[in-house]
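This note is offered to a colleague who is meeting the structure for the first time. Please read the numbered points below with the model in view.

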Amino acid sequence: DLGYGELGSYGQTKIKTPNLDRMAKEGIRFTQHYSSAPVCAPSRCMLMTGKHPGHSYIRGNYEMGGFEDAMEGGQMPLHEGAYTVAKMLKERGYRTALVGKWGMGMNSTTGSPLYHGFDYYYGYLDQKQAHNFYPTHLWENDKWDSLNNPFISVHTPIKDTAHATDKDFAYYKGKDYAPTKMTEKAMKFIYQNKNNLFFLYLPYTLPHLSLQAPDEYVNKYVGQFEEQPYYGEKGYAAVKYPRSTYAAMISFLDDQVGIIMNQIKKMGLDNNTIIMFSSDNGATFSAGVDTKFFNSVAGLRGLKMDLYEGGIRVPFIARWPGKIKANTISDHASIQYDLMATLADLTGKPVAKTDGISFLPTLMGKNATQKKHDFFYFEYPENGGQIAVRIGNWKGVKRNMRKNPNTQWELFNMANDMYEKNDLSAIHPEIIRQMESIAKREHLHPHVLDWEFIDPKVKK
């Protein structure tokens, strides 16, 4: 849930991100990079499989089970035969690891990362469990790994808000902070594979809700902002200093990136390791998070769960000393399902079945040979049902399609209206017709009825 404007290199002034800012100075920063979806599970599926939202196996946050440990059920599992970035790289001789949040199925389903090209994994399988940064356990290669934390019901609010004490807020804190464990496991994998080709997918959970961070990080910000306690009334953990904690979570994330980069350099792997950093969707909108205060999406319209720019335009930084020219800014329009094509290109053998286009030429400074997308297509079945299409600088958005499939398009010119304020659909019907044609062509019927809001064949 890291917003487009939450890093210093993307204009953030209140939250400190020195390591990621250094990464941008030493590498390339993209200004028009998109997550494939405006929420977690489909975004990760498309990143891993190279499919756009009209072709993806997972298109929404299809929740299973509950929040309690005994009811941990995960999300819609990825089917066992899926071809992933990890499978592709494993075929090419890479050792592969996932450390962080998976969100595409539990260990007891076809969604286990061990079925999808990963030699090793550690972290959260169920993104509902990831609402708590102090869980009782994480998963390691399909086995439960106990943490030194009691069970915390993070969606239980403080009831007596008038008399809330530090002890009430302390209920939502444990001893083992999950992101710290992730860094430890990631570092171990890197060290063990320093003499091998390796691919590490490291999806940290920060700064997703709940607002929870180690006190030493929160205390760096306490007193800098005016803030009032959040008592958990809108879900997720109550927190005494919500603004300071949110900033602390992003700074903690930044420090983990610094630890990884410094380890790579210390081991002498700097010049043959490419490090890429991005976010799964735009900034979130509730439970103590103050996106207006932090200007989290840099003035863009919308937030997480929206197909406006604020929900899908995300930071993207890549660093590779000696290969990627330092302090480069690119306005190449790219999207996360381009990753498979890019890594295939990087390892010297293209893949056929992907919706992505390699952005390796842009990384290498060979802009003249960079192919561009004819269009970007988005569909999102939740939050009313939405689709979006971008053709060149034109972007169309269609919302609330569950209520009215024939609702009107909005049309914006990204060249001079990246904030999507001026709807030009009435004066450019020919562009709307192009977008309608793309949407009709690119939408394959999903295997889940709940996700079919564009062309339903079955009525509930």
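1. The model discussed here is predicted. Helix α5 is a convenient place to begin. Its buried residues are Ala178, Pro179, Lys181, Met182, Thr183, Lys185, Ala186, Met187, Phe189 and Ile190. The elements that cover these buried residues include the strands β5 (95-101), β6 (120-124), β7 (137-140), β8 (143-146) and β9 (198-201), together with α7 (242-266).

2. The length of α5 can be checked by a simple calculation. The helix holds 15 residues (178-192), and at 1.5 Å a residue it should span 21 Å; the C-alpha atoms at its ends are 21 Å apart, so expectation and model agree.

3. Aromatic contacts deserve separate attention, since a search of the whole structure finds 23 aromatic pairs. In one of them, the ring centres of Phe133 and Tyr177 lie 5.8 Å apart with their planes at 25 degrees; planes under 30 degrees apart count as stacked, so this pair is stacked. The two residues come from distant parts of the chain, 44 residues apart: Phe133 is in the loop between β6 and β7, while Tyr177 is in the loop between α4 (166-170) and α5. Both Phe133 and Tyr177 are buried.

4. A second pair has another geometry. The centres of the Tyr246 and Phe294 rings are 5.7 Å apart and their planes meet at 40 degrees, so the pair is tilted. This pair also links distant parts of the chain, with Tyr246 in helix α7 and Phe294 in helix α8 (residues 291-294), 48 residues apart. Tyr246 and Phe294 are both buried.

5. Phe133 and Tyr177 also belong to an aromatic cluster, which they form with Tyr134, Tyr217 and Phe252.

6. Two arginines are placed over aromatic rings. Arg243 lies over the face of Phe293, at 3.7 Å from the ring centre. The charged end of Arg313 sits over the ring of Tyr4, 5.9 Å from its centre.

7. Which strands pair with β16? Strand β15 (residues 386-391) pairs with β16 in the antiparallel sense over 5 bridges, and Ile387 stands opposite Lys398 of β16. These two strands form a hairpin with 2 residues between them, and Gly392 in the turn has a positive phi of about 60 degrees. Strand β17 (residues 410-413) also runs antiparallel to β16, joined to it by 4 bridges; here Lys395 stands opposite Phe412.

8. Strand β16 (residues 394-398) is itself mostly covered, as 4 of its 5 residues are buried.

Note on methods. Residues are numbered from 1 along each chain as its sequence is written. This is a predicted model: local features need pLDDT of at least 70, side-chain atom pairs count only at pLDDT 80 or more; totals for chains, interfaces and linings use all residues. Side-chain values use heavy atoms; hydrogens and water are left out. The expected span of a helix is 1.5 Å times one less than its number of residues. Buried means under 20% relative accessible area, exposed over 50%, partly exposed in between (1.4 Å probe, protein chains only). Contact means heavy atoms within 4.5 Å. Rings of Phe, Tyr and Trp (its six-membered ring) pair if their centres lie within 6.5 Å; planes under 30 degrees apart count as stacked, over 60 as edge-to-face and the rest as tilted. A charge sits over a ring if NZ of Lys or CZ of Arg is within 6 Å of the ring centre and within 35 degrees of the ring normal. Two strands pair if DSSP finds at least two bridges between them.
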